[in-house]
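Notebook open, model loaded. I'm jotting things down as I look them up, whole protein to start and then a few spots inside.

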Amino acid sequence: MSKPLHIFDMDETLVNGDCASLWSAFLVRKGVVTDPDYLATDQALMEQYAKGELDMEEYIVYTLAPITHIPQHEIDSLVDEFVASDILPLVFPEALTLVKSLKESGVACLVISATVTFIVKKVAQAIGIEDALGIELVSKNNCYFNQVTGIATYREGKILRLQQWLTEQTNSFDEIHFYSDSINDLPLCEYADYAYLVNPCERLSAEALKHPEWQIFEWGS
């Protein structure tokens, strides 16, 4: 009997939006960030991400600089509010249905996202997935610092972090199913046994032509 593992990208896959950019907008709305150019710069960096050209460390350094003086427990409380108010209304109903069905069948699920871990874990848990991997940050004086530690869960780094995670599990899996929308996840799509493209971007759609076995889902349409 096979033991599948279903892995989900988060932004634009489980959630109809990008949680990192939405978090930036939330910080501005809450008055945590007051720089008038902050959101425009965030958007410019995210356009690079969409093209598969983003320097992830540059993005982390810039977008998280405003919170490096705020204690982690205060940030975690803000994330709870953010997930409830800004993210849960954007979760694809199809994603909730699928995750619920998988859990009821005893299938293991994992979220791997190129968003920072303190957001990814709370979003995943709100959707019903306990295990989640995101970009880990250095911690200084009980604050999240805007510096990546370890392997970033971005592009090929998602495969490396997945492999690390698998070695830490008591269960072994003989099928990897992966869901994503982004060209940045092409390496993991090709690594997985089964790939499912959720509202794929133009470049990932083009790659799918080389992989007729990949399934394409149109969620939220």
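**Entry: one loop residue**

I began with N184, keeping in mind that this is a predicted model. I asked which residues N184 touches once those up to four places away in sequence are not counted. The list came back as Y49, G52, Y154 and R155. N184 sits in the loop between β6 (175–180) and α8 (186–191). Is N184 buried or exposed? Its relative accessibility is 1%, so N184 counts as buried. I also looked at its side chain: a polar atom there lies 2.8 Å from the backbone oxygen of Y49. So Y49 turns up twice in my notes, as a residue that N184 touches and as the owner of that backbone oxygen, with N184 itself counting as buried at 1%.

**Entry: zooming out**

How many helices and strands does the protein have? I got nine helices and eight strands. Next I checked the overall size. For 221 residues, a compact globule would have a radius of gyration near 17 Å, and the protein has 17 Å, so the two agree. Taken along the principal axes, the C-alpha atoms fill a box of roughly 50 × 35 × 30 Å.

Then I looked at inside versus outside. Buried residues make up 49% of the 221. The protein exposes about 10600 Å², and carbon and sulfur atoms supply 50% of that. For contacts between residues at least 6 apart in sequence, I noted that 62% join residues at least 24 apart.

Charges came next. I found 14 positive and 34 negative side chains. The centres of the two sets lie 4 Å apart.

**Entry: helix α4**

Which residues of α4 (residues 72–87) are buried? I wrote down I75, L78, V79, F82, V83, D86 and I87. I wanted to know what covers them, and the cover includes α1 (19–29), α6 (117–127) and β5 (143–148).

**Entry: two strand residues in contact**

I135 is in strand β3 (residues 131–135), and T115 is in strand β2 (residues 108–116). I135 has a relative accessible area of 1%, so I marked it buried. T115 is at 3%, so T115 counts as buried too.

What does I135 contact, leaving aside neighbours within four places in sequence? Its partners include M56, I60, V148 and A152, and T115 is one of them as well. Looking from the other side, T115 touches M10, D11, A20, V120, G134 and I135, again not counting residues up to four places away. I also checked I135 against I112, which is 23 residues apart from it along the chain: their C-alpha atoms are separated by 9.1 Å.

**Entry: F145**

My last stop was strand β5, where F145 has its place. That strand is among the things covering the buried residues of α4. Why does F145 count as partly exposed? Its relative accessibility is 24%, and buried means under 20% while exposed means over 50%, so F145 falls in between.

Leaving aside neighbours within four places in sequence, F145 is in contact with T68, L137, V138 and K140. I also looked up its distance to K122, 23 residues apart along the chain, and the C-alpha atoms are separated by 19 Å.

Note on methods:
Residues are numbered from 1 along each chain as its sequence is written. This is a predicted model: local features need pLDDT of at least 70, side-chain atom pairs count only at pLDDT 80 or more; totals for chains, interfaces and linings use all residues. Side-chain values use heavy atoms; hydrogens and water are left out. Helices (H or I, at least four residues) and strands (E, at least two) are DSSP runs, numbered from the N terminus. Buried means under 20% relative accessible area, exposed over 50%, partly exposed in between (1.4 Å probe, protein chains only). A polar contact is a pair of N or O atoms within 3.5 Å; within protein, one must be able to donate a hydrogen and the other to accept it, and residues adjacent in sequence count only if both atoms are side-chain atoms. Contact means heavy atoms within 4.5 Å. The radius of gyration is taken over C-alpha atoms; the globule rule is 2.2 Å times the number of residues to the power 0.38. Accessible areas come from the Shrake-Rupley method with a 1.4 Å probe; for residues, only the protein chains shown count as cover. Lys and Arg count as positive and Asp and Glu as negative; His and the chain ends are not counted. The place of a charge is taken as NZ of Lys, CZ of Arg, CG of Asp or CD of Glu.
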